[in-house]
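Q: Please take a close look at the enclosed and open spaces of this structure, together with the ligand site. Describe what surrounds each of them, residue by residue where possible.

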Amino acid sequence: MKRAHNFNAGPAALPLEVLEKAQSELTNFNNTGMSVMELSHRSKEYEEVHNETIDLLKELIRIPEEYDVLFLQGGASLQFAMIPMNFLREGQTANYILSGSWSEKALKEAKLLGETKIGGSSKEDNYTYIPNEIDVSDDDAYVHITSNNTIFGTQWQDFHIETKAPLIADMSSDILSRPLPIEKFSLIYAGAQKNLGPSGVTVVIMKKELHEKTPENLPTLLKYSTHADKNSLYHTPPTFAIYMLNLVLKWVKENGGPEGIEQRNKEKAELLYDVIDRSNGFYIGHAEKESRSNMNVTFNLQSETLNQRFLEEAKEKGFVGLNGHRSVGGCRASIYNAVTKESCEALRDFMIDFQNKNQ
Ligand SMILES: *Cc1c(COP(=O)(O)O)cnc(C)c1O
């Protein structure tokens with residue numbers, strides 16, 4: 001069996017071991033005579049999967065007691081709206097740090113619901129770096145950041161924000177890619193389909209004290225407290241996606257946890273950034289060096305013609321998903337946790353070869 005060199009931005013590569021495990025128990029999960037998809041979400045067998053998945057997240061991210069771990073639906077995009085619905089009250093201002101398209105989308109939803117401000121932005125420079133100058137106040141309703149900018153290929157290296165206001169982060173494209181100072185954050189969220197599993201489940205990790213801010217008159221399903229009070233079983237959760245998340249978390253644990261994964265991710269990213277840096281300008285990285293993402297490597301060649309030739313040849317050679325996002329063009333290699341070092345080495349070799357033939 002030939003597996004693709006999968007550099008898709010999301011949904012993205014999953015570990016082969018995880019897919020094989022899921023395949024092996026697809027029609028008969030734990031001697032139930034049923035697929036995990038066919039189990040009642042109220043059954044003992046499913047509840048075990050559900051609770052074990054929460055425990056694995058708590059263990060791997062070292063989540064303290066005062067946080068809830070929730071499994072929601074609607075993707076990161078629904079979180080863009082739920083956050084201001086739950087935490088932005090009249091007379092308050094929510095502070096958004098803009099570091100790319102996803103932060104803009106988060107801000108757009110908040111603007112529909114209340115007062116906002118922009119406490120930092122690199123938009124003027126086409127989001128080539130993480131904003132350095134950041135203006136936050138302890139009175140902000142909350143401060144929102146995007147920890148990894150999937151489209152532009154930048155990533156917060158340290159979280160250089162000091163505030164007493166709740167810090168909220170969209171970690172959709174780098175959750176569990178490295179150890180995380182979780183105590184700094186009041187809420188983090190991530191759609192699963194980049195680093196955690198298939199699409200369909202959104203992980204939210206939030207301080208319990210935040211529930212107090214939620215207004216009574218919100219629709220039931222849009223209140224975080226509804227899901228927290230019922231252990232994310234208020235209504236039918238995406239059971240198969242949560243089961244896949246469970247297997248991915250076990251894979252992360254077997255591969256050294258966040259520390260081990262981080263080490264591997266650094267090595268993978270270095271392979272590609274090295275080619276860019278040694279190419280004498282043949283490959284032009286989008287991100288400034290100190291803001292480079294270890295998850296999404298974004299670059300251009302010297303002309304649109306060369307970009308297209310590169311992408312076509314890469315495709316012929318079996319590399320999938322290297323086109324830049326439709327809003328920025330160019331090339332992007334998404335190298336999330338499950339993308340193998342072998343795939344990155346193969347891409348490095350192809351990039352060097354392509355340069356030798358085309359410069
Ligand atoms: C992919 C992505 C999203 C969108 O996620 P959906 O689950 O499709 O809503 C939001 N934020 C970031 C940082 C992303 O990478």
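A: **Spaces within the model and the ligand site**

The largest cavity is lined by L60, I61, S147, F159, M171, D174, I175, L176, R178, L180 and P258. The model is a predicted one, and this cavity holds about 90 Å³ of space. Its lining comprises eight nonpolar residues, one polar residue and two charged residues. The polar member is S147, and the charged members are D174 and R178. Two cavities of 30 Å³ or more are present in the structure.

The second largest cavity has a volume of about 50 Å³. Several stretches of the chain contribute to its lining: A13, L14 and P15; K194, N195, L196 and G197; V248 and W251; and N337 and A338. Of these residues, seven are nonpolar, three are polar and one is charged. The charged residue is K194, which is also listed among the residues closest to the ligand.

The pockets may be taken next. About 280 Å³ of space lies in the largest pocket, and 14 residues line it. Those nearest its centre are R3, L14, L16, A338 and T340. L14 and A338 line the second largest cavity as well. By class, the lining of this pocket divides into eight nonpolar, three polar and three charged residues. Where does the largest pocket lie with respect to domain 1 and domain 2? It lies between them, because domain 1 (16-254) and domain 2 (256-358) both give residues to its lining.

The second largest pocket contains about 210 Å³ of space. Its lining consists of 15 residues, and T163, K164, A165, P166 and S186 lie nearest the centre. Here the classes are six nonpolar, two polar and seven charged residues.

At the ligand site, 13 residues surround the ligand, with S77, T150, D170, Q193 and K194 the closest. This shell has three nonpolar, eight polar and two charged residues. Helix α3 (residues 75-87) provides the largest share of the shell, namely four residues. Three polar contacts can be described individually. An N or O atom in the side chain of D170 is 2.6 Å from a nitrogen atom of the ligand. For Q193, a polar side-chain atom is placed 2.9 Å from a ligand oxygen atom. The contact at A76 involves the backbone instead: a polar backbone atom of this residue is 3.1 Å from an oxygen atom of the ligand. Taken alone, the ligand exposes 390 Å², of which the protein buries 87%.

Two backbone features complete the account. G10 and P11 are joined by a cis peptide bond, with omega at about -10°. P11 is found in the loop between β1 (5-6) and α1 (16-24). The other feature concerns R62, which has a positive phi of about 55° although it is not a glycine. R62 belongs to the loop between α2 (44-61) and β2 (67-72). L60 and I61, which precede R62 in the numbering, both line the largest cavity.

Methods:
Residues are numbered from 1 along each chain as its sequence is written. This is a predicted model: local features need pLDDT of at least 70, side-chain atom pairs count only at pLDDT 80 or more; totals for chains, interfaces and linings use all residues. Side-chain values use heavy atoms; hydrogens and water are left out. On a 1 Å grid over the protein atoms alone, a cavity is a set of points where a 1.4 Å probe fits but cannot get out, and a pocket is an open set with protein on both sides within 12 Å along at least five of seven lines; lining residues have an atom within 4 Å of a point. Grid points are joined across faces, edges and corners, and a volume is the space filled by probe spheres set on the points. Domain bounds come from an automatic or database domain assignment. A residue is near a molecule or strand if one of its heavy atoms lies within 4 Å of it. A polar contact is a pair of N or O atoms within 3.5 Å; within protein, one must be able to donate a hydrogen and the other to accept it, and residues adjacent in sequence count only if both atoms are side-chain atoms. Accessible areas come from the Shrake-Rupley method with a 1.4 Å probe; for residues, only the protein chains shown count as cover. Helices (H or I, at least four residues) and strands (E, at least two) are DSSP runs, numbered from the N terminus.
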